[in-house]
Amino acid sequence: MAAPAGDLQRYDAATAHLEPPFAVVDLAALRANAAAMTRRAAGKPIRLASKSVRCRELIGQVLGMDGFRGILAYTLPEALWLAGQGTGDNIVVGYPTADRTALARLAGDPAAAAAITVMVDCPEHLDIIEKAAAGAGQPSPVRVCIDIDAGYRALGGLLRAGARRSPVRTPGDAAALAAAIVARPGLRLAGLMAYEAQIAGIGDNPAGRPLYAMALRYIQRRSGAELAARRAAIVAAVRRVAPLEFVNGGGTGSLEKTSAENAVTEIGAGSGLYQPTLFDGYRAFRGRPAAFFALPVVRRPGPGVVTALGGGYIASGVPDRSRLPSPFLPAGLRLDKQEGAGEVQTPLLGPPADRLRIGDRVWLRHAKAGELCERFGELHLIEENAVVGTVPTYRGEGMNFL
Ligand SMILES: Cc1ncc(COP(=O)(O)O)c(C=O)c1O
């Protein structure tokens, strides 16, 4: 995605006093992305996916913006830390935990137990929570959320799209698990969640792949319709067993679609704030790159190529080219197909290379949002032509949850 003319000069000027490598966040771009996400959610609150931000200061700033309410955390120790720091009092941990120590801490701390909801999808999860809580002396009830399988299946199971998450798939499955929760006095059923990764996390407009795009859109349409009906039936079935405070669904890529479902009360999303490259290929929105990193040019191996120090910050997931960082500024640079982005050096090819000198900097974007923050201890916050603040990432605070 091309940056507006002038951004390179602006970012270079703002950070001239810093030695790369370092990471920055353009606050105006972040605010514009947040506002666009809120518009797309059409009145339904967005629960902020903290894994996609991994910086407490920015989580706090976004929670202060219109349209965002609550945190979707990624581990229970993280949620306990956020609650203990006063960063959140409405936190849903988006993935199940088997961390007995953290569960005992949760049940043993009434304030944390009131603020945090943990994810479950089977009776075994309930057993682990109850056992851990029993060790806490006078345990508070533990709030739980049922995770629903939002994946798509067709052709008798031959075609499968979506993440392998929960075994809870039908209204009957969900109602049975809800009844098992209600029957345990140490647990409180707080909500339901169904995350449709195959729609929310996969761009429907992949560059240069028209046939794949057509197939993808077809499956996403089918999956969206199937899930809307199934999600409504599941919510109705569970509400017959117990009241629900929230029904969470979706993500950055599906804000407008998921929020249109009556059964859904909130969307979980975060990646759209930083707008990493994996979120460039959607027809429904065009975010502004808001988080990126600078590397120093340290070599000029020959015409049309410079070599930057470091840069091999590969994103998680199926390892293909889409997981590599992307040269951003100056526009027109590309990675070397033979070397990619390396542990200690990253060659960059293209006409702008001949204008770069040793000591200049190049800017790159990460493929995913919060994973950038695992590489840097701080984020420099840019407003117009200046760094207006420098804030720690989770890593910078000594926290490495995953
Ligand atoms: C449970 C859940 N909800 C929502 C999201 C969407 O988050 P984001 O918008 O940051 O991609 C994810 C992403 O993996 C998720 O796992």
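Me: A polar contact is a pair of N or O atoms within 3.5 Å, and within protein one atom must be able to donate a hydrogen and the other to accept it. In this predicted model, what distance separates the backbone oxygen of Tyr11 from a polar atom of the side chain of Thr15?

Reply: The two atoms lie 2.8 Å apart, and because the cut-off is 3.5 Å, the pair formed by the backbone oxygen of Tyr11 and the side chain of Thr15 is counted as a polar contact.

Me: Where is Thr15, and is this residue called buried or exposed?

Reply: Thr15 belongs to the loop between H1 and E1, and its relative accessible area is 0%. Buried means under 20%, so Thr15 is called buried. Apart from neighbours within four places in sequence, the residues in contact with Thr15 are Phe22, Val24, Arg361, Trp363, Ile382 and Val387.

Me: How do you know where the buried residues of helix H1 lie around its axis?

Reply: Helix H1 spans residues 7-14, and its buried residues are Asp7, Arg10, Tyr11 and Ala14. Looking down the axis of H1, one finds these buried residues within an arc of 90 degrees, so they line one face of the helix. Their cover includes strands E1 (22-26), E12 (291-302) and E14 (326-329), together with E17 (361-365), E18 (378-383) and E19 (386-392).

Me: Why is Ala228 given the class that it has, buried, exposed or partly exposed?

Reply: Ala228, which is part of helix H10 (residues 210-239), has a relative accessible area of 28%. Since buried needs a value under 20% and exposed a value over 50%, Ala228 falls in between and is therefore called partly exposed.

Me: And what makes Asp204 buried or exposed?

Reply: Asp204 sits in the loop between helix H9 (197-200) and H10, with a relative accessible area of 7%. That value is under the 20% limit, so Asp204 is buried. Beyond its neighbours within four places in sequence, the contacts of Asp204 include Ala213, Leu216, Arg217, Gln220, Gly281, Tyr282 and Arg283.

Me: Why are the phi angles of Gln275 and Glu384 worth pointing out?

Reply: Most residues other than glycine have a negative phi. Gln275 is not a glycine, yet its phi is positive, about 55 degrees, and Glu384, also not a glycine, has a positive phi of about 50 degrees. Gln275 is in the loop between helix H12 (271-274) and E12 and counts as buried, at 1% relative accessibility. Glu384 is in the loop between E18 and E19, and with a relative accessible area of 60%, which is over the 50% limit, Glu384 is called exposed.

Me: How do you know which atoms of Lys51, Gly270 and Ser271 form polar contacts with the ligand?

Reply: For Lys51, an N or O atom of the side chain is 3.4 Å from an oxygen atom of the ligand. For Gly270, a backbone N or O atom lies 2.9 Å from a ligand oxygen, and for Ser271 a polar backbone atom is 2.7 Å from a ligand oxygen. Because the limit is 3.5 Å, each of these pairs is counted as a polar contact. The protein covers 93% of the 390 Å² of accessible area that the ligand has on its own.

How values were computed: Residues are numbered from 1 along each chain as its sequence is written. This is a predicted model: local features need pLDDT of at least 70, side-chain atom pairs count only at pLDDT 80 or more; totals for chains, interfaces and linings use all residues. Side-chain values use heavy atoms; hydrogens and water are left out. Accessible areas come from the Shrake-Rupley method with a 1.4 Å probe; for residues, only the protein chains shown count as cover. Buried means under 20% relative accessible area, exposed over 50%, partly exposed in between (1.4 Å probe, protein chains only). Helices (H or I, at least four residues) and strands (E, at least two) are DSSP runs, numbered from the N terminus. The arc is that of the directions from the helix axis to the C-beta atoms. Contact means heavy atoms within 4.5 Å.
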